Amino acid sequence: MEIDMLPRKQYVNELIRLKENGRVKIITGLRRSGKSVLLFDLFRRQLLDEGVVPEQIIGIQLDDLRNMKYRDPLHLDEYIRSQITDAKKVFYVFIDEIQLVSEVKNPYVDNQEAKISFVDVVLGLLKIKNADVYVTGSNSKMLSSDVLTQFRDRGDEIRVFPLSFAEFYDAYEGDKREAWQEYYTYGGMPMILEMDTHERKSKYLRDLFERTYIKDIMERNKIKNDEEVLAILLDILASGIGSLTNPGKLSNTFKSERNISLAPDTIDRYLHYFEDSYLLQKAKRYDVKGKKYIKTPSKYYYTDLGLRNARLGFRQIEETHLMENVLYNDLIRRGFDVDVGVVEIATMEENKKVRKQLEVDFVLNRGNDRYYIQSALSIADPEKKKQEIASLLRIPDSFKKMVVVKDYLKPWKDDNGIQYVGIEHFLRDESILVG
């Protein structure tokens with residue numbers, strides 16, 4: 001399926017909901033995840049279907065050679081205003097890669113430090129009552145999260161993720177029984193669906209890292225000599241998804257395994273760069289009984305598993321950890337705040353009272369609702385099942401508790417009220433969690 005035909009209903013519906021609300025709509029997310037297609041193909045098509053005429057849609061893609069002059073904010077502003085020709089109609093303004101707009105000296109004042117930027121353009125457009133403004137932005141000069149901060153309380157974020165498993169499954173044209181394995185191996189970058197061999201998919205994902213993501217991070221943050229260090233850090237995190245870590249531990253790994261001295265503060269800064277570029281997501285630990293966050297260690301998950309697997313040459317495809325990563329991404333996409341849970345218990349060992357920490361894979365919060373989820377490859381072994389639900393049984397509240405397993409099974413509950421569901425069912429039917 002061609003990527004401009006993928007429906008991306010969640011994001012189109014969000015744009016419809018925010019339409020004409022007097023704020024700038026800022027489409028963010030990992031590069032190549034489909035932001036431009038969402039705006040210039042899918043949402044444009046939606047507006048036309050609603051009866052908007054093409055002249056009411058003012059679209060400018062600033063990475064197009066034909067639009068180079070509009071990288072000057074004064075020319076950009078002049079052009080857009082010239083297209084808003086009827087005060088009785090709403091005009092929809094789409095600006096793609098807005099960070100490409102240069103910052104220029106303000107020609108109307110004597111102060112040499114006074115500048116005009118894309119922020120001034122957009123804030124000015126927001127004052128036009130019949131202009132509805134949408135922007136995307138993500139490259140080495142200003143990644144999408146920075147574009148969002150420029151507008152503070154005057155903007156709404158629509159974060160675009162790579163394809164969810166449900167989207168991937170619906171678009172997958174091979175044997176549907178193979179969709180899950182394809183997804184946790186090659187991930188959900190939309191272009192993957194147009195490629196038919198391992199070699200093409202692998203090369204595409206590796207090139208994204210080497211030619212796009214790492215170079216963007218280095219250029220944007222003025223990192224000159226640490227490309228190898230960034231690559232090694234990404235590899236270490238890729239190898240340890242689902243494992244607890246912190247900058248100090250990672251620093252020790254660099255020293256012991258690579259004989260490289262790297263300060264924890266430097267690693268912490270690089271981790272923030274990865275998060276800011278949407279490559280990685282950080283899950284904090286939460287003490288369920290104590291109702292407080294534990295500062296360190298944390299877990300890091302890759303926003304796209306295909307990118308993670310490509311970093312490791314597709315050598316470490318352990319389904320149990322990949323399942324956990326897929327679940328985390330999907331829960332974040334659904335709008336939950338997701339933490340790693342800890343349940344402290346007291347137990348006797350060799351006639352001594354000791355305290356232990358049992359882990360809950362995910363603690364979800366959204367408004368007043370809370371859910372607890374364990375990810376397990378299988379619970380066929382009674383001892384394994386007992387181990388997986390030990391933490392859930394010790395949580396002293398009545399919020400929903402669930403175990404998501406690899407097996408195909410009909411959802412059911414045990415005598416403790418814990419629900420069991422297969423991973424594909426869980427990912428394809430969002431009502432299974434909140435229903």
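**Figure 1. Tyrosine 278, a buried residue with a positive phi.** In this predicted model, tyrosine 278 counts as buried because its relative accessible area is 9%, which falls under the 20% limit used for that word. The residue has its place in the loop between α11 and β8, the latter covering residues 280-287. Its backbone deserves a careful look, since phi of tyrosine 278 is near 70 degrees, a positive value in a residue other than glycine. As background for this view and for some of those that follow, most residues other than glycine have a negative phi, and most peptide bonds are trans.

**Figure 2. Asparagine 259, an exposed residue with a positive phi.** Asparagine 259 is found in the loop that runs between α10 (247-258) and α11 (264-276). Phi of asparagine 259 is near 55 degrees, and here too the value is positive in a residue other than glycine. Is asparagine 259 buried or exposed? With a relative accessible area of 60%, asparagine 259 is exposed, because the word applies to values over 50%.

**Figure 3. Strand β9, with lysine 295 and a cis peptide bond.** Strand β9 is made up of residues 292-302, and lysine 295 is found in this strand. The relative accessibility of lysine 295 is 80%, so the residue counts as exposed. Proline 297 also has its place in strand β9, and the peptide bond that joins threonine 296 to proline 297 is cis, with an omega of about 0 degrees. A reader who wishes to relate this strand to another part of the chain may compare lysine 295 with arginine 258, which is 37 residues away in sequence and 27 Å away in space, C-alpha to C-alpha.

**Figure 4. Aspartate 216 in helix α8.** Helix α8 spans residues 198-220, and aspartate 216 lies within it. Although aspartate belongs to the residues counted as charged, aspartate 216 is buried, with a relative accessible area of 8%. How many residues apart in sequence are aspartate 216 and serine 277? The two are 61 residues apart along the chain, while their C-alpha atoms are 8.6 Å apart in space.

**Figure 5. Glycine 248 in helix α10.** Glycine 248 is found in helix α10, and at 29% relative accessibility this residue counts as partly exposed. Between the C-alpha atoms of glycine 248 and aspartate 268 there are 8.9 Å in space, and the two residues are 20 apart in sequence.

**Figure 6. Aspartate 369 in strand β12.** Strand β12 covers residues 369-376, and aspartate 369 lies in it. Aspartate 369 counts as partly exposed, because its relative accessibility is 41%, a value between the 20% and 50% limits. Aspartate 369 and leucine 62 are separated by 307 residues in sequence and by 42 Å in space, taken from C-alpha to C-alpha.

**Figure 7. The largest cavity and its lining.** How many cavities of 30 Å³ or more does a search of the whole structure find? There are three of them, and the largest holds about 140 Å³ of space. Its lining consists of 14 residues, of which Pro162, Leu163, Tyr183, Thr303 and Asn329 are the closest to the centre of the cavity. Helix α13, which covers residues 319-333, gives the most to this lining, contributing five residues. When the lining residues are sorted by character, six are nonpolar, five are polar and three are charged.

**Figure 8. The whole protein, as a setting for the close-up views.** The secondary structure of the protein comes to 16 helices and 15 strands. The radius of gyration is 24 Å, which is close to the 22 Å that the globule rule gives for 435 residues, so the protein is as compact as a globular protein of that length. Taken along the principal axes, the C-alpha atoms fill a box of roughly 80 × 50 × 45 Å. Of the 435 residues, 55% are buried, and the protein exposes about 21200 Å² of surface, 45% of which is supplied by carbon and sulfur atoms. Among the contacts between residues at least 6 apart in sequence, 66% join residues that are at least 24 apart.

How values were computed
Residues numbered from 1 in each chain as written. Predicted model: local features only at pLDDT ≥ 70, side-chain atom pairs only at ≥ 80, totals over all residues. Heavy atoms only, no water. 1 Å grid on protein atoms, 1.4 Å probe; cavity = no way out; pocket = protein on both sides within 12 Å on 5 of 7 lines; lining within 4 Å. Points joined across faces, edges and corners; volume = space filled by probe spheres on them. Helix = DSSP H or I, 4+ residues; strand = E, 2+ residues; numbered from the N terminus. Buried < 20%, exposed > 50% of the residue type's maximum accessible area, 1.4 Å probe, protein only. Rg over C-alpha atoms; globule rule 2.2 N^0.38 Å. Contact = heavy atoms within 4.5 Å. Areas by Shrake-Rupley, 256 points an atom, 1.4 Å probe, with all protein chains shown as cover.
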